Amino acid sequence: MIKLEEINKIFYKKNKEIQALKNVSLTIAKGEIFGIIGYSGSGKSTLVRTINLLERPTSGRIFIADKEISALSEKQLIPFRRQIGMIFQHFNLLSSCTVFDNIAFPLSLTGMSNDKIKERVTELLTLIDLQDKSDDYPAALSGGQKQRVAIARALASDPEILLCDEATSALDPQTTRSILSLLKRINRELGITIVLITHQMEVVRAICQRVAVISQGEIIEQNTAPILFDRPESPITRELLNPTLLID
Ligand SMILES: Nc1ncnc2c1ncn2[C@@H]1O[C@H](COP(=O)(O)OP(=O)(O)OP(=O)(O)O)[C@@H](O)[C@H]1O
């Protein structure tokens with residue numbers, strides 16, 4: 001279970017305060033696929049980055065499986081960070097390393113033997129169905145293939161949680177579908193909790209069980225996906241559901 005309790009995050013830019021998160025409280029159950037949706041600048045990335053403490057909140061507490069990780073030092077955090085994988089919009093692969101070495105990278109940091117690394121990477125290449133690309137470099141892959149490699153790398157250390165930061169925003173609809181179906185399979189077969197942030201309603205509709213809507217740093221609505229889509233309460237949710245591109 002992931003629990004955020006009254007999270008506030010204030011950035012300071014040229015002596016100006018930007019309150020990116022305001023009193024955010026959320027509980028995400030183990031094994032759930034949870035979506036966080038909102039417009040650009042609403043605080044989605046900041047929120048998802050507080051879950052693994054890539055961003056430390058200004059105030060508030062974060063619990064993973066009942067352990068308060070926001071109270072831990074950077075050193076104490078290391079084993080907890082291994083429980084949380086993350087993927088990004090622009091994949092963040094190491095361009096000078098092959099597919100195999102990209103996936104092996106987090107394992108080599110743990111001191112695992114080369115034989116064990118080979119076994120685990122082969123298993124992950126099968127999961128993402130890219131066995132034949134093992135020796136290729138990222139530049140030779142399509143966007144969807146790069147995201148698959150990023151997913152395999154995120155899963156290498158057997159995390160319990162996978163954070164997805166706009167993971168399909170750079171992909172076309174067909175590739176988006178194949179990545180979402182991979183995420184769904186990972187959730188179902190490996191029991192991994194998935195937290196997904198996006199501005200794409202159709203992504204949430206495709207795989208999320210519950211959804212929170214964030215606007216100007218505040219959670220303004222949350223519900224199960226079917227109810228939120230059927231009976232959105234706030235005007236912002238309604239607008240996100242039915243975007244219009246009216247220009248003067
Ligand atoms: N490192 C930072 N320093 C200063 N301000 C920041 C920083 N990171 C984010 N912000 C500000 O915090 C607010 C929320 O940003 P955030 O990136 O979390 O929004 P978002 O919903 O993820 O947007 P997008 O979808 O465009 O990525 C914005 O006003 C942004 O400018």
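Me: Quick one to start: is Lys118 buried or exposed?

Reply: Lys118 has a relative accessibility of 53%, so it counts as exposed. The cut-offs are under 20% relative accessible area for buried and over 50% for exposed, with partly exposed in between, using a 1.4 Å probe and protein chains only.

Me: Before I go on, what am I looking at here?

Reply: It's a predicted model, where local features need pLDDT of at least 70, side-chain atom pairs count only at pLDDT 80 or more, and totals for chains, interfaces and linings use all residues. Residues are numbered from 1 along each chain as its sequence is written, and side-chain values use heavy atoms, with hydrogens and water left out.

Me: Ok. Where is Lys118 found?

Reply: In helix 4. Helices (H or I, at least four residues) and strands (E, at least two) are DSSP runs, numbered from the N terminus. Lys118 is also 47 Å from Asp230 in space, C-alpha to C-alpha, with their positions 112 residues apart in sequence.

Me: And how many helices and strands does the chain have?

Reply: Nine helices and ten strands. The radius of gyration of the chain is 18 Å, close to the 18 Å that the globule rule gives for 248 residues, so the chain is as compact as a globular protein of that length. That radius is taken over C-alpha atoms, and the rule is 2.2 Å times the number of residues to the power 0.38.

Me: What box do the C-alpha atoms fill?

Reply: Roughly 55 × 40 × 40 Å, taken along the principal axes.

Me: How much of the chain is buried?

Reply: Buried residues are 49% of the 248. As for the surface, the chain exposes about 12,800 Å², and carbon and sulfur atoms supply 49% of that. Those areas come from the Shrake-Rupley method with a 1.4 Å probe; for residues, only the protein chains shown count as cover.

Me: Let's go inside. Which residues touch the most other members of the largest nonpolar core?

Reply: Ile87, Ile103 and Leu183, out of 49 residues in that core. Helix 5 (residues 143-155) gives the largest share of this core, with six residues. There's also a second, separate core of 27 residues, with Ile7, Ile64, Leu72 and Ile84 among them. A nonpolar core here is a set of buried Ala, Val, Leu, Ile, Met, Phe, Trp, Tyr and Cys residues joined through side-chain atoms within 4.5 Å.

Me: Why would nonpolar side chains be buried together?

Reply: That's a general tendency in soluble globular proteins.

Me: What does Ile103 touch?

Reply: Leaving out residues up to four places away in sequence, Ile103 touches Val121, Leu124, Leu125, Ile128, Val149, Ala152, Arg153 and Ala156. A contact means heavy atoms within 4.5 Å.

Me: Back to helix 5. Is Gln147 buried or exposed?

Reply: Gln147, which sits in helix 5, has 0% relative accessibility and counts as buried. Beyond its neighbours within four places in sequence, Gln147 is in contact with Ile87, Phe88, Gln89, Phe91, Ala167, Leu171 and Ile179.

Me: What about Lys9, buried or exposed?

Reply: Buried, with a relative accessible area of 10%. Lys9 is in strand 1 (residues 2-13). Its contacts, not counting residues up to four places away, include Ile18, Leu21, Thr46, Glu55 and Arg56.

Me: Thr46 is in helix 1, right? Which residues of that helix are buried?

Reply: Lys44, Thr46, Leu47, Val48, Thr50 and Ile51. That's six of the eight residues of helix 1 (residues 44-51), so the helix is largely enclosed by the rest of the structure. Leu53 follows helix 1 and has a positive phi, near 60°.

Me: Why point out a positive phi?

Reply: Because most residues other than glycine have a negative phi. Asn23, in strand 2 (residues 16-28), has a positive phi too, near 50°. Then there's Asp129, with phi near 60°. Asp129 lies in the loop between helix 4 (114-127) and helix 5, and at 54% relative accessible area it is exposed.

Me: Last topic, charges. How many positive and negative side chains does the chain have?

Reply: 30 positive and 29 negative, and the centres of the two sets lie 2 Å apart. Lys and Arg count as positive and Asp and Glu as negative, while His and the chain ends are not counted. Each charge is placed at NZ of Lys, CZ of Arg, CG of Asp or CD of Glu.
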